[in-house]
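Trainee: I have a new protein model open and would like some help reading it. Could we go through it together?

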Amino acid sequence: QVQLVESGGGLVQAGGSLRLSCAASGRTFTNYPMGWFRQAPGREREFVAAHSSIGGRTYYADSVSGRFTISRDNSKTTVYLQMNSLKSEDTAVYYCAAAGGYRTTAYFTKAQGYNYWGQGTQVTVSS
């Protein structure tokens, strides 16, 4: 059974930092993209960041570019999201996602490009 388990969420003041982790088990995602999405109350789930794995390319939403960094440790099938200079508008439930196969670049930033999802971890930024 495939599982993605996020950790690292919490309450932080604006300007602070958090590091989210997502540990995958049940199968390997070494060669497939993994990403982070988020959903704020009353809003649709939105793309945050993605890591292609092959080639190590990273992709970011404009709203987080320059503040967030996605990385992954393939030996541990873990993906991370380092979040710096947090703003109140970053408050959301953050979800880890993993693709079950190869994807074209266009799908890295779309929820339908991913087959597996974590349960989410709450990030709250107080102003």
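Mentor: We shall go from the overall fold to the core, then to some strands and single residues.

Mentor: This is a predicted model, in which local features need pLDDT of at least 70 and side-chain atom pairs count only at pLDDT 80 or more, while totals for chains, interfaces and linings use all residues. Residues are numbered from 1 along each chain as its sequence is written, and side-chain values use heavy atoms, with hydrogens and water left out.

Trainee: How many helices and strands are there in the protein?

Mentor: The protein has zero helices and eleven strands. Here helices (H or I, at least four residues) and strands (E, at least two) are DSSP runs, numbered from the N terminus.

Trainee: And what about the radius of gyration of the protein?

Mentor: The radius of gyration is 13 Å, which agrees with the value near 14 Å for a compact globule of 127 residues. That radius is taken over C-alpha atoms, and the globule rule is 2.2 Å times the number of residues to the power 0.38. The C-alpha trace spans about 40 × 25 × 25 Å along its principal axes.

Trainee: What share of the residues is buried?

Mentor: Buried residues make up 44% of the 127 residues. Buried means under 20% relative accessible area, exposed over 50%, and partly exposed in between, with a 1.4 Å probe and protein chains only.

Trainee: Let us turn to the core. Which residues have the most contacts inside the largest nonpolar core?

Mentor: They are Trp36, Leu81, Met83 and Tyr94, in a core of 35 residues. Seven strands each supply at least two residues of this core, among them β3 (18–25), β4 (34–39) and β9 (92–98). β9 gives the most, with five residues. A nonpolar core is a set of buried Ala, Val, Leu, Ile, Met, Phe, Trp, Tyr and Cys residues joined through side-chain atoms within 4.5 Å.

Trainee: What does tyrosine 94 touch?

Mentor: Not counting residues up to four places away in sequence, tyrosine 94 touches several residues, including Trp36, Val48, Phe68, Leu81, Met83 and Val123. Contact means heavy atoms within 4.5 Å.

Trainee: Phe68 is on that list. Is phenylalanine 68 buried or exposed?

Mentor: Phenylalanine 68 is buried, because its relative accessible area is 2%. This residue lies in strand β7. Between phenylalanine 68 and valine 48 there are 8.7 Å in space, C-alpha to C-alpha, although they are 20 residues apart in sequence.

Trainee: Which way do the other side chains along β7 point?

Mentor: In a regular strand the side chains alternate between the two faces of the sheet. Along β7, Phe68, Ile70 and Arg72 point to one face and are buried, whereas Thr69, Ser71 and Asp73 point to the other and are not. β11 also has a covered face, with Thr121, Val123 and Val125, and an uncovered one, with Gln122, Thr124 and Ser126.

Trainee: Which strands pair with β11?

Mentor: Strand β2 (residues 10–13) pairs with β11 in the parallel sense over four bridges, and β9 pairs with β11 in the antiparallel sense over three bridges. Two strands pair if DSSP finds at least two bridges between them. On the β2 side, glutamine 13 has serine 126 as its bridge partner. Alanine 92 stands opposite valine 123 in β11.

Trainee: Going back to β7, how many bridges join it to β8?

Mentor: Six bridges join β7 to β8, and the two run antiparallel. Serine 71 has tyrosine 80 in β8 as its bridge partner.

Trainee: Where does threonine 77 lie, and why does it count as buried?

Mentor: Threonine 77 lies in the loop between β7 and β8. It counts as buried because its relative accessibility is 19%. The side chain of threonine 77 reaches the backbone oxygen of alanine 24 at 2.9 Å. Threonine 77 also touches Cys22, Ala23 and Ala24, leaving aside residues up to four places away in sequence.

Trainee: And what is the state of threonine 78?

Mentor: Threonine 78 is buried, with a relative accessible area of 9%, and its place is in strand β8.

Trainee: One last residue: what is the phi of serine 85?

Mentor: Phi of serine 85 is near 50 degrees, a positive value in a residue other than glycine. Serine 85 is found in the loop between β8 and β9 and counts as partly exposed, at 39% relative accessibility.

Note on methods
A polar contact is a pair of N or O atoms within 3.5 Å; within protein, one must be able to donate a hydrogen and the other to accept it, and residues adjacent in sequence count only if both atoms are side-chain atoms.
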